[in-house]
Amino acid sequence: QLQLVESGGGLVQPGGSLRLSCAASGRTLAYYGIGWFRQAPGKEREGISYISGSGGSTEYADSVKGRFTISRDNAKNTVYLQMNSLKPEDTAVYYCAAVFVGGTSLLITTAASYNYWGQGTQVTVSS
């Protein structure tokens, strides 16, 4: 069973940066596509970034494009989300999720396809 644990959240001022980590255990993460999602109070969950199993393909929501960067280190079984130029509207609980893609280069951008989820980490952007 694949287990995911997010870390790296916290309180940051507008314009600041944070790096979130999604550490996997129980399975080889290289066989899984990873997505980062977030949910703010009273709002629907938003998919913000996705990466294929090899890391060769990525995609970003318009709301974070140019500010956030997703990457992965399969040797460390970890995926990262570097968040720069943070805004108050980035405040949310951030979740990583995984979907089995085998050895393919598939990039899965549909939240319903993800069947392994972490517990979330809070990111608060405020002065």
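**Exercise 1. Place Gly47 in the fold and state its exposure.**

Gly47 is found in strand E5. The model is a predicted one, and every value below is computed from it.

Step 1. Take the accessibility. Gly47 has 22% relative accessibility.
Step 2. Apply the cut-offs. Buried means under 20% and exposed means over 50%, so Gly47 counts as partly exposed.
Step 3. Look across the chain. Asp90 is 43 residues from Gly47 in sequence. In space the two are 12 Å apart, C-alpha to C-alpha.

**Exercise 2. Describe the chain as a whole: its elements, its span and its radius of gyration.**

Step 1. Count the elements. The chain has 11 strands and zero helices. Read along the sequence, the pattern is β-β-β-β-β-β-β-β-β-β-β.
Step 2. Take the dimensions. The C-alpha trace spans about 45 × 25 × 25 Å along its principal axes.
Step 3. Test against the globule rule. For 127 residues, a compact globule would have a radius of gyration near 14 Å. The chain has 14 Å, which agrees.
Step 4. Add the burial. Buried residues make up 43% of the 127 residues.

**Exercise 3. Classify the ring pair of Tyr32 and Phe100, then say which parts of the chain the pair ties together.**

Step 1. Set the search in context. Six aromatic pairs are found in the whole structure. A pair of aromatic rings is described by the distance of the centres and the angle of the planes.
Step 2. Read the geometry. For Tyr32 and Phe100 the centres are 5.4 Å apart, with 75 degrees between the planes. Planes over 60 degrees apart count as edge-to-face, so this pair is edge-to-face.
Step 3. Locate the partners. Tyr32 lies in strand E4 (residues 32-39), and Phe100 lies in strand E9 (residues 92-100). The pair therefore ties together parts that are 68 residues apart in sequence.
Step 4. Set the two exposures side by side. Tyr32 is buried, with a relative accessible area of 5%. Phe100 is exposed, at 54%.
Step 5. Add another contact of Tyr32. Its C-alpha atom is 5.1 Å from that of Gly53, which is 21 residues away along the chain.

**Exercise 4. Classify the ring pair of Tyr50 and Tyr114, and place the pair in its cluster.**

Step 1. Read the geometry. The ring centres of Tyr50 and Tyr114 are 6.3 Å apart, and the planes meet at 35 degrees. Stacked needs under 30 degrees and edge-to-face needs over 60, so the pair is tilted.
Step 2. Locate the partners. Tyr50 is in strand E5 (residues 46-51). Tyr114 is in the loop between E9 and strand E10 (116-117). The pair links parts of the chain 64 residues apart.
Step 3. Check burial. Tyr50 and Tyr114 are both buried.
Step 4. Widen the view. Phe37, Tyr50, Tyr114 and Trp117 are linked by ring pairs into a cluster.
Step 5. Look for a charge at the cluster. The charged end of Arg45 sits over the ring of Phe37, 5.8 Å from the ring centre.

**Exercise 5. Characterise the largest pocket by volume and lining.**

Step 1. State the volume. The largest pocket has about 160 Å³.
Step 2. Name the residues at its centre. The lining has 13 residues, and the closest to the centre are Arg38, Ala40, Lys43, Glu46 and Glu89.
Step 3. Sort the lining by type. Eight lining residues are charged, three are polar and two are nonpolar.

**Exercise 6. Set out the phi values, loops and exposures of Asn77 and Ser85.**

Step 1. Take Asn77. Phi is about 55 degrees, a positive value although Asn77 is not a glycine. Asn77 lies in the loop between strand E7 (68-73) and strand E8 (78-83).
Step 2. Take Ser85. Phi is near 50 degrees, again positive in a residue other than glycine. Ser85 is found in the loop between E8 and E9.
Step 3. Give the exposures. Asn77 is buried, with a relative accessible area of 16%. Ser85 is partly exposed, at 41%.

**Exercise 7. Locate Ser57 and relate it to Thr28.**

Step 1. Find the element. Ser57 is found in the loop between E5 and strand E6 (58-60).
Step 2. Read the exposure. At 28% relative accessibility, Ser57 is partly exposed.
Step 3. Give the separation. Ser57 and Thr28 are 29 residues apart along the chain, and their C-alpha atoms are separated by 18 Å.

Key: Residues are numbered from 1 along each chain as its sequence is written. This is a predicted model: local features need pLDDT of at least 70, side-chain atom pairs count only at pLDDT 80 or more; totals for chains, interfaces and linings use all residues. Side-chain values use heavy atoms; hydrogens and water are left out. Rings of Phe, Tyr and Trp (its six-membered ring) pair if their centres lie within 6.5 Å; planes under 30 degrees apart count as stacked, over 60 as edge-to-face and the rest as tilted. Helices (H or I, at least four residues) and strands (E, at least two) are DSSP runs, numbered from the N terminus. Buried means under 20% relative accessible area, exposed over 50%, partly exposed in between (1.4 Å probe, protein chains only). A charge sits over a ring if NZ of Lys or CZ of Arg is within 6 Å of the ring centre and within 35 degrees of the ring normal. On a 1 Å grid over the protein atoms alone, a cavity is a set of points where a 1.4 Å probe fits but cannot get out, and a pocket is an open set with protein on both sides within 12 Å along at least five of seven lines; lining residues have an atom within 4 Å of a point. Grid points are joined across faces, edges and corners, and a volume is the space filled by probe spheres set on the points. Ala, Val, Leu, Ile, Met, Phe, Trp, Tyr, Cys and Pro count as nonpolar, Asp, Glu, Lys and Arg as charged, and the others, Gly among them, as polar. The radius of gyration is taken over C-alpha atoms; the globule rule is 2.2 Å times the number of residues to the power 0.38.
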